[in-house]
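Hi everyone, thanks for coming. Let's have the model up on the screen and walk through it together.

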Amino acid sequence: MFIRSERLFLRPSWPEDWSDLFAAIADEGVVRNLAVAPWPYGIKDAMDFVRREQDRLLPHFLITLPAASAQLIGCISLSRKSDEVELGYWIARDHWQRGYASEAARAVLRLADALGHQRILAHHFADNPASGRVLEKAGFCPTGERSLRFSKGRGQAAVSIGYVREVASRSDQDGESLMRAA
């Protein structure tokens, strides 16, 4: 599965991507904001990640710039947490504050809608408010939930802030369309 947005190309990972992935994520400032990536992030971690199987309903993508170099600048995925679907992402430090995370999130959320996901959760660590802005730009709303969440990158739990994005059912959307047309 591939997604093209205005400035980005989201694609599956291939085994030969491990070195580009490692170069982009091997930064403690990036990894400390993630729940599942360890620090230090090693070559074996990158190799294991690019070999992960794709799940048709819960895909993961490398975020690349579609120029001739197709530079890898991050990752984004849907995953299962208990009975809920969760969005996770990261962007390499050299590409922060350019809107890439929000753009990639909006693209993956359009796919999530097409796959039939009605509710998507997301979290960010409280000391990373930029990630909260990314989620809000992508259509998420704060849930008011603050909880401790373990971060492999930090090696400990940290306060996490919850967000949710819900899709109105088709009948709700049709009803709203009829009301606007009246």
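I'll go through the sheet, a hairpin, the cores, one helix and then two single residues.

A word on ground rules: this is a predicted model, where local features need pLDDT of at least 70 and side-chain atom pairs count only at pLDDT 80 or more, while totals for chains, interfaces and linings use all residues. Residues are numbered from 1 along each chain as its sequence is written, and side-chain values use heavy atoms, with hydrogens and water left out.

Let's start with the sheet. Helices (H or I, at least four residues) and strands (E, at least two) are DSSP runs, numbered from the N terminus, and two strands pair if DSSP finds at least two bridges between them. Here eight strands make an open sheet with mixed pairing, in the order β1-β2-β3-β4-β5-β6-β8-β7. Why do β1 and β7 each have one side without a neighbour in the sheet? They stand at the edges, each with a single partner strand, so one side stays free of a neighbour.

Helix α1, residues 18-25, packs on this sheet and touches β3, β4 and β5. Its direction makes about 90° with that of β4; axes are lines fitted to C-alpha atoms, for helices over the stretch in contact, and angles run from 0 to 180 degrees between N-to-C directions.

Over at the β7 end, strand β7 (residues 141-151) pairs with β8 in the antiparallel sense over eight bridges. S151 has Q156 of β8 as its bridge partner. The hairpin of β7 and β8 has four residues between the strands, and G155 there takes a positive phi near 75°. β8 also pairs with β6, antiparallel again, over seven bridges, and L121 stands opposite V164 in β8.

Now the inside. A nonpolar core is a set of buried Ala, Val, Leu, Ile, Met, Phe, Trp, Tyr and Cys residues joined through side-chain atoms within 4.5 Å; buried means under 20% relative accessible area, exposed over 50%, and partly exposed in between (1.4 Å probe, protein chains only). The largest core has 31 residues, and L10, I76, L87 and F140 touch the most other members. Its largest share, nine residues, comes from α4. There is also a second, separate core of 16 residues, including L21, V31, L34 and W90.

So what about α4 itself? Eleven of its 15 residues are buried, among them Y100, E103 and L111. The expected span of a helix is 1.5 Å times one less than its number of residues, so α4 should span 21 Å, and its end C-alpha atoms are indeed 21 Å apart. Just after α4, G116 takes a positive phi of about 95°.

Two residues to finish. Is H124, in strand β6 (residues 119-125), buried or exposed? H124 is buried, because its relative accessible area is 5%. A polar atom of the H124 side chain lies 3.2 Å from the backbone oxygen of N128. Beyond four places in sequence, the contacts of H124 (heavy atoms within 4.5 Å) include P129, L135, V159 and Y163.

F2, in the segment before β1, is partly exposed, because its relative accessible area is 48%. Not counting residues up to four places away in sequence, F2 touches F9, L10, R11, P12, W14 and F61. By contrast, the C-alpha atoms of F2 and G29 are separated by 28 Å.

That's my tour, thanks for listening!

How values were computed: Polar contact = N/O pair within 3.5 Å; in protein donor to acceptor, adjacent residues only side chain to side chain.
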